[in-house]
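Me: Could you walk me through reading a structure like this one? I am happier at the bench than at the viewer.

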Amino acid sequence: MDIILASKSPFRATLLKNAGISFTAQAANIEERAVEAPLYDTGATPEDVALVLAEAKALDVSERNPGALVIGSDQTLSLGDEVLHKPADMEAARRQLLKLSGQTHHLNSAVVLARDGKTLWRHVSVARMTVRDLDPGFIGRYLSRAGEIALQSVGAYQIEGEGVQLFEKVDGDYFTIVGLPLLPLLVELRREGAIDG
(Lines give C-alpha, C1' and ligand atoms only; values in the text may rest on other atoms or scores of the structure.)
Protein backbone atom coordinates (compact mmCIF):
# COMPACT_ATOMS: atom_id res chain seq x y z
CA MET A 1 0.00 0.00 0.00
CA ASP A 2 1.40 3.39 -1.00
CA ILE A 3 1.71 5.80 1.92
CA ILE A 4 2.07 9.51 1.22
CA LEU A 5 2.92 12.20 3.74
CA ALA A 6 1.01 15.32 2.68
CA SER A 7 3.79 17.60 3.85
CA LYS A 8 7.26 18.81 2.98
CA SER A 9 8.14 19.15 6.68
CA PRO A 10 11.58 17.64 7.22
CA PHE A 11 10.70 17.11 10.90
CA ARG A 12 7.60 14.99 10.19
CA ALA A 13 9.41 13.08 7.46
CA THR A 14 12.26 12.25 9.85
CA LEU A 15 9.81 10.91 12.45
CA LEU A 16 8.23 8.56 9.89
CA LYS A 17 11.58 7.51 8.44
CA ASN A 18 13.00 6.78 11.90
CA ALA A 19 9.91 4.64 12.63
CA GLY A 20 10.71 2.50 9.58
CA ILE A 21 7.75 3.68 7.51
CA SER A 22 8.16 3.54 3.72
CA PHE A 23 6.50 6.63 2.25
CA THR A 24 6.78 9.46 -0.22
CA ALA A 25 6.18 13.12 0.57
CA GLN A 26 3.99 15.45 -1.43
CA ALA A 27 2.99 18.94 -0.37
CA ALA A 28 -0.70 19.77 -0.28
CA ASN A 29 -1.91 22.56 -2.53
CA ILE A 30 -3.96 24.54 -0.01
CA GLU A 31 -3.75 28.08 1.33
CA GLU A 32 -3.64 27.44 5.09
CA ARG A 33 -4.63 30.91 6.27
CA ALA A 34 -7.62 30.93 3.87
CA VAL A 35 -8.80 27.56 5.23
CA GLU A 36 -8.23 28.68 8.81
CA ALA A 37 -9.72 32.22 8.77
CA PRO A 38 -13.46 31.36 8.68
CA LEU A 39 -13.07 28.88 11.53
CA TYR A 40 -12.51 31.60 14.13
CA ASP A 41 -15.99 33.02 13.50
CA THR A 42 -17.51 29.63 14.36
CA GLY A 43 -15.91 29.32 17.80
CA ALA A 44 -13.50 26.62 16.64
CA THR A 45 -10.83 25.71 19.17
CA PRO A 46 -7.12 25.64 18.27
CA GLU A 47 -7.41 21.83 18.28
CA ASP A 48 -10.29 22.07 15.78
CA VAL A 49 -8.20 24.36 13.56
CA ALA A 50 -5.29 21.90 13.56
CA LEU A 51 -7.65 19.04 12.62
CA VAL A 52 -9.31 21.00 9.80
CA LEU A 53 -5.93 21.97 8.34
CA ALA A 54 -4.57 18.41 8.62
CA GLU A 55 -7.72 17.06 6.98
CA ALA A 56 -7.60 19.61 4.16
CA LYS A 57 -4.01 18.57 3.40
CA ALA A 58 -4.79 14.85 3.49
CA LEU A 59 -7.88 15.18 1.29
CA ASP A 60 -6.12 17.40 -1.26
CA VAL A 61 -3.27 14.94 -1.76
CA SER A 62 -5.52 11.85 -1.62
CA GLU A 63 -7.70 13.19 -4.44
CA ARG A 64 -4.62 13.37 -6.68
CA ASN A 65 -3.31 9.91 -5.70
CA PRO A 66 -6.01 7.24 -6.10
CA GLY A 67 -5.68 4.27 -3.76
CA ALA A 68 -2.86 5.79 -1.68
CA LEU A 69 -3.13 6.13 2.08
CA VAL A 70 -2.39 9.78 2.80
CA ILE A 71 -1.19 11.23 6.11
CA GLY A 72 -2.11 14.86 6.69
CA SER A 73 -0.78 16.70 9.72
CA ASP A 74 -0.79 20.20 11.11
CA GLN A 75 0.00 21.95 14.35
CA THR A 76 -1.31 25.08 16.02
CA LEU A 77 0.23 26.94 18.93
CA SER A 78 -2.26 28.48 21.30
CA LEU A 79 -1.49 30.95 24.07
CA GLY A 80 -4.77 31.37 25.90
CA ASP A 81 -7.32 32.15 23.18
CA GLU A 82 -4.71 33.42 20.71
CA VAL A 83 -3.33 31.21 17.94
CA LEU A 84 0.23 32.02 16.89
CA HIS A 85 1.74 31.18 13.50
CA LYS A 86 5.22 30.66 12.13
CA PRO A 87 7.08 33.97 12.41
CA ALA A 88 7.65 35.71 9.09
CA ASP A 89 11.10 37.02 10.00
CA MET A 90 13.57 37.22 12.88
CA GLU A 91 11.94 40.32 14.37
CA ALA A 92 8.58 38.49 14.46
CA ALA A 93 10.34 35.50 16.06
CA ARG A 94 11.85 37.80 18.71
CA ARG A 95 8.43 39.33 19.51
CA GLN A 96 6.84 35.88 19.65
CA LEU A 97 9.42 34.54 22.10
CA LEU A 98 8.97 37.64 24.28
CA LYS A 99 5.22 36.92 24.31
CA LEU A 100 5.79 33.25 25.25
CA SER A 101 8.31 34.11 27.98
CA GLY A 102 7.12 32.97 31.42
CA GLN A 103 3.90 31.57 29.94
CA THR A 104 2.42 28.14 29.27
CA HIS A 105 1.25 27.54 25.72
CA HIS A 106 -0.25 24.52 23.98
CA LEU A 107 0.97 22.73 20.88
CA ASN A 108 -2.04 21.10 19.22
CA SER A 109 -0.85 18.44 16.78
CA ALA A 110 -3.40 16.85 14.47
CA VAL A 111 -3.05 13.88 12.15
CA VAL A 112 -5.56 12.59 9.60
CA LEU A 113 -5.60 9.56 7.30
CA ALA A 114 -7.43 9.79 3.96
CA ARG A 115 -7.87 7.66 0.87
CA ASP A 116 -9.54 8.59 -2.41
CA GLY A 117 -10.79 11.92 -1.10
CA LYS A 118 -12.41 10.43 2.01
CA THR A 119 -11.34 10.86 5.63
CA LEU A 120 -10.65 7.54 7.35
CA TRP A 121 -9.40 8.70 10.76
CA ARG A 122 -8.68 11.91 12.71
CA HIS A 123 -6.71 12.53 15.89
CA VAL A 124 -5.29 15.46 17.85
CA SER A 125 -2.78 15.41 20.71
CA VAL A 126 -1.90 18.37 22.93
CA ALA A 127 1.36 19.23 24.69
CA ARG A 128 1.63 21.91 27.41
CA MET A 129 4.83 23.90 27.07
CA THR A 130 6.00 26.20 29.87
CA VAL A 131 8.64 28.71 28.75
CA ARG A 132 10.99 30.00 31.42
CA ASP A 133 11.37 33.75 31.96
CA LEU A 134 13.56 34.77 29.04
CA ASP A 135 15.98 37.67 29.08
CA PRO A 136 15.64 39.77 25.88
CA GLY A 137 19.41 39.54 25.37
CA PHE A 138 19.25 35.75 25.56
CA ILE A 139 16.43 35.70 22.99
CA GLY A 140 18.58 37.70 20.57
CA ARG A 141 21.58 35.42 21.06
CA TYR A 142 19.41 32.30 20.75
CA LEU A 143 17.88 33.50 17.48
CA SER A 144 21.31 34.44 16.15
CA ARG A 145 22.55 30.89 16.81
CA ALA A 146 19.36 29.18 15.58
CA GLY A 147 19.20 31.20 12.37
CA GLU A 148 16.51 30.60 9.76
CA ILE A 149 15.46 27.29 11.34
CA ALA A 150 13.67 29.36 14.01
CA LEU A 151 11.24 30.46 11.28
CA GLN A 152 10.24 26.88 10.42
CA SER A 153 8.07 26.21 13.48
CA VAL A 154 5.07 27.90 15.05
CA GLY A 155 6.94 28.70 18.26
CA ALA A 156 10.25 29.86 16.75
CA TYR A 157 11.95 26.89 18.39
CA GLN A 158 12.81 23.24 17.79
CA ILE A 159 12.65 21.23 21.00
CA GLU A 160 14.98 18.66 19.44
CA GLY A 161 17.72 21.30 19.22
CA GLU A 162 18.86 24.32 21.20
CA GLY A 163 15.22 25.38 21.58
CA VAL A 164 14.98 23.01 24.55
CA GLN A 165 16.84 25.69 26.55
CA LEU A 166 13.77 27.93 26.38
CA PHE A 167 11.69 25.65 28.60
CA GLU A 168 11.03 25.22 32.28
CA LYS A 169 8.52 22.36 31.94
CA VAL A 170 6.97 20.21 29.21
CA ASP A 171 3.85 18.05 29.55
CA GLY A 172 3.32 15.94 26.46
CA ASP A 173 5.10 13.48 24.24
CA TYR A 174 8.00 14.33 21.98
CA PHE A 175 6.15 13.40 18.77
CA THR A 176 3.27 15.77 19.55
CA ILE A 177 5.76 18.56 20.18
CA VAL A 178 7.60 17.94 16.89
CA GLY A 179 4.23 17.99 15.08
CA LEU A 180 3.12 14.42 14.34
CA PRO A 181 1.34 12.28 16.99
CA LEU A 182 3.26 9.19 15.93
CA LEU A 183 2.08 6.53 18.38
CA PRO A 184 -1.67 6.88 17.61
CA LEU A 185 -0.79 7.10 13.91
CA LEU A 186 1.16 3.82 14.04
CA VAL A 187 -1.82 2.09 15.69
CA GLU A 188 -4.09 3.26 12.88
CA LEU A 189 -1.60 2.35 10.12
CA ARG A 190 -1.47 -1.19 11.55
CA ARG A 191 -5.27 -1.31 11.67
CA GLU A 192 -5.38 -0.30 8.00
CA GLY A 193 -2.88 -3.05 7.17
CA ALA A 194 -0.44 -0.43 5.84
CA ILE A 195 2.45 -1.48 8.09
CA ASP A 196 3.52 -4.76 9.67
CA GLY A 197 2.13 -5.52 13.07
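Here is a short tour, from the overall fold to the core.

Reply: Happy to help! This is a predicted model, where local features need pLDDT of at least 70, side-chain atom pairs count only at pLDDT 80 or more, and totals for chains, interfaces and linings use all residues. Residues are numbered from 1 along each chain as its sequence is written, and side-chain values use heavy atoms, with hydrogens and water left out.

Me: How many helices and strands are there in the protein chain?

Reply: Helices (H or I, at least four residues) and strands (E, at least two) are DSSP runs, numbered from the N terminus. Here there are seven helices and seven strands, in the order β-α-β-α-α-β-β-α-β-β-α-β-α-α.

Me: What is the radius of gyration of the protein chain?

Reply: It is taken over C-alpha atoms, and the globule rule is 2.2 Å times the number of residues to the power 0.38. For 197 residues a compact globule would have a value near 16 Å, and the protein chain agrees with 17 Å.

Me: Which residues touch the most other members of the largest nonpolar core?

Reply: In soluble globular proteins, nonpolar side chains tend to be buried together. A nonpolar core is a set of buried (under 20% relative accessible area, 1.4 Å probe, protein chains only) Ala, Val, Leu, Ile, Met, Phe, Trp, Tyr and Cys residues joined through side-chain atoms within 4.5 Å. The largest has 44 residues, and Ile71, Leu185 and Leu189 touch the most other members. Apart from that core lies another of twelve residues, including Ile4 and Val112.

Me: And how much of the protein chain is buried?

Reply: Of its 197 residues, 48% count as buried.

Key: Buried means under 20% relative accessible area, exposed over 50%, partly exposed in between (1.4 Å probe, protein chains only).
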